[in-house]
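User: Could you take a close look at one part of this model for me, the place where the two chains meet, and then follow the chain inward from there? Plain talk is fine.

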Amino acid sequence: MGEAQRLREFGVEEGATVEVLHRAGLLGRGALACRIGRMTVAMRHAHGDAIHVRTDPAATPETAVASSSAPSSAHPSAQAITAS
Amino acid sequence: MTAQPLVALVGNPNAGKSALFNALTGARQKLGNYPGVTVERKSGRLALEDGRPVELVDLPGTYSLTPTSPDEEVTRDVILGKQRGERLPDALVLVVDASNLENHLRFVLEVLDLGLPAVVALNMVDLAARDGLELSPEALSEALGVPVVSTVAVRKRGLDHLLHELTGLIDGGAVPVRPSTGDMSFAERRAKARDLARIAIVGETPSRRLTQAVDRVALHPILGPLLLLGLLFLMFQAVYAWSEAPIAMIEGWAEELGDLATALTPEGYLRSFLVDGVINGVGSVVVFLPQILILFFFILMLEATGYMTRAAFLMDGLMAKVGLSGRAFIPLLSSFACAVPGIMATRSISDPKDRLTTILIAPLMTCSARLPVYAVIIGAFIPARSVGYGVGLQGLVLFALYVGGIVGAMLVALVLRRTVAKGQSAGLLMEMPKYQWPRWQDIALGLWQRAMIFLKRAGTIIFVSTIILWALLSFPKPPAGSDVSPVGYSAAGRIATVLNVVMEPIGFNRDISLALIPAMAAREVAVSALATTYSIDAGDDEEKLEQSLGERLKNNWSLPTALAFLVWFVFAPQCISTIAVTRRETNGWKWPAFMVGYLFAIAYVAAGITYWTAVAAGL
């Protein structure tokens, strides 16, 4: 509820590019630091899992972005849709 | 009601609102509370171009007008004119991060629809320029239909221009007609914001992004935690290393003052009251002002530079293991300064169970009021030698006490989340702002406010409790020829003797039991209480009078007792303000009572284990 709204406020929406910048934690799954638009957002994997992403073939492995099942733009930039 | 116009600062978190507020109001700030809710109201006075005074209020940061926390609700209600105890603002300053226009403009559009006169402050344009963004406030102003001003709050740039525009708004001068975005949906507004950003950004050159470069180290899975640990370690070493000279200076003043009072007053109650009670008692606490300021300096710096959210990011994995969110790390870290603002900062945690757990463990973070207690005991019982590599043993013990509190808090959280505060683990979801070098005036202002709060406490709570304790310790006087010590014969001594029945098994002596009573008011009172006790106990004994508090403690306590006393203070809820703020934040006596109960129980057991172990080890 509130979290899906917050993700949208952070700019996670269909067609947005999401880039995983950092992963915290040596053991297990720590938090993720993602670049969304011009913003860096810290989130947990649960949030990351709720964002449907399509990997950008043009990107380096580190800038792995992913997208929804319905790519709309000609440029293979990543898209994201928040799950609500 | 004042006739002064009201101007509200509105914006997303991390837009630099507070820095702008500081820059506009300087030190003329008033902190208060909105009636009925536990949200802080921060206001200040601002002079318009022609000198007319205006009240400026800094509203809590929010991402939209659909609130997810009590803070955000206040922001919405104030600008809708629905907030109790607040009048509808005459004008708004919409603070926007110049390097994140797409996001912040969406909120600006939402607020502008309410129709209040507004000016947009395009803040932190220097950081945007650093990122290679070239902006046109004029173009944005034209598209938005409201004045737009470039500002750099931390460098005080653009403030005159902002004041000029505000003066125009207050005078109700040309309020331009602007295109309404009336019934736009979230997505439509967002698209519109993106269009507006495209209009405002007239040039963009890819540049080396400082923040990303720093984050590569600061958020590195191995280097990041090491850096955080190193910073915290440096912080606690600095508390000792940097404070020596100023402490010696304050001690010198207290001594001179004591000599002066001794010279000016006749032998008797008045002299005992002034020298033993007031100067010795209050002086022994004021002496810790340098250490408290050093600690606050580090915390304010970590906050202002933007590192604090990185720390939360790094700690989230660990926090998740005990059922907390990384968000809880920020209130908990502020609790190192004082649990009261720490507990108030938990308002940013939206999950109620998550928040309750954070409130309940916040007193376990070693607050600055414990420092005087730790410093006196460590100074007296732990030798000031190096354990190698420039690391002092005293600093190491202090560090261990802090770690003890943290480990205790984690264990308690683990238990609470499985029992009384059971619930879904709420996540970490937060924006990480760009790194920024803070304005030293902002840091100085923060330190000044902290110093004043501390000195006020020393002047009131500590002063009063010291005086009461002095009276209880001084009367009744033992009859001449009695072999009972003056303290033992006094009213306080008798109360402590009773209490001591409970405290003796964990190694506490009567003097400690005595100090624990007034220390309920505030932890640091324990130090002044001990100082007063031993000062009166010394009586006219010249040799004893020459001794410092540390020397007196060393003569009266064993090492296991001192260690047990330290451990007691890691856990014991010796602070009325914390209990009061917990009651306010949890709306009742149930949780503060629970908190006090569990903390005393842990303190007793932990101090006992420490004492018995130390005795068994032959210390």
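Analyst: Chain B puts 39 residues into the contact and chain A puts in 26. Keep in mind that this is a predicted model. The two chains bury about 2900 Å² between them, and carbon and sulfur atoms give 54% of that area. On the chain B side, three residues stand out: B:Tyr63, B:Phe313 and B:Leu429 supply 23% of what chain B buries against chain A, more than any other three residues.

There is charge pairing here too. The rule finds 3 salt bridges across the interface of chain B and chain A. One to look up in the viewer is B:Glu72 with A:Arg6, where the side chains meet at 3.0 Å, N to O.

Now for the inside. The largest nonpolar core has 128 residues, and those with the most contacts inside it are B:Phe508, B:Trp557, B:Phe565 and B:Trp568. Helix H18 of chain B, residues 393-418, brings the largest share of this core, with 11 residues. Domain 2 (226-422 + 442-455) and domain 3 (458-617) of chain B both give residues to this core, so it lies between them. Apart from it there is another core, of 66 residues, with B:Val10, B:Ala121, B:Ala128 and B:Leu159 among them.

B:Phe508 is a handy spot to zoom in on. Leaving out residues up to four places away in sequence, B:Phe508 touches B:Asn500, B:Met503, B:Leu516, B:Ala564, B:Phe565, B:Trp568 and B:Ala607. One of these, B:Met503, also helps to place B:Gly608: the two are 105 residues apart in sequence, yet their C-alpha atoms are 9.2 Å apart in space. B:Gly608 sits in helix H28 of chain B, residues 590-616, and is buried, with a relative accessible area of 0%.

Last, a short helix with two faces: H25 of chain B, residues 549-556, has B:Leu549, B:Arg552 and B:Leu553 as its buried residues. Looking down the axis of H25(B), those buried residues fall within an arc of 100°, so they line one face of the helix. An α-helix has 3.6 residues a turn, so residues three or four places apart point the same way. The face of H25(B) turned away from the buried side carries B:Lys554 and B:Asn555, both exposed.

Methods
Residues are numbered from 1 along each chain as its sequence is written. Chains are lettered from A and ligands numbered from 1 in the order in which they are written. This is a predicted model: local features need pLDDT of at least 70, side-chain atom pairs count only at pLDDT 80 or more; totals for chains, interfaces and linings use all residues. Side-chain values use heavy atoms; hydrogens and water are left out. A nonpolar core is a set of buried Ala, Val, Leu, Ile, Met, Phe, Trp, Tyr and Cys residues joined through side-chain atoms within 4.5 Å. Buried means under 20% relative accessible area, exposed over 50%, partly exposed in between (1.4 Å probe, protein chains only). Helices (H or I, at least four residues) and strands (E, at least two) are DSSP runs, numbered from the N terminus. Domain bounds come from an automatic or database domain assignment. Contact means heavy atoms within 4.5 Å. The arc is that of the directions from the helix axis to the C-beta atoms. Buried area is the accessible area (1.4 Å probe) that two parts lose on being put together, summed over both. A salt bridge is a side-chain nitrogen of Lys or Arg within 4 Å of a carboxyl oxygen of Asp or Glu.
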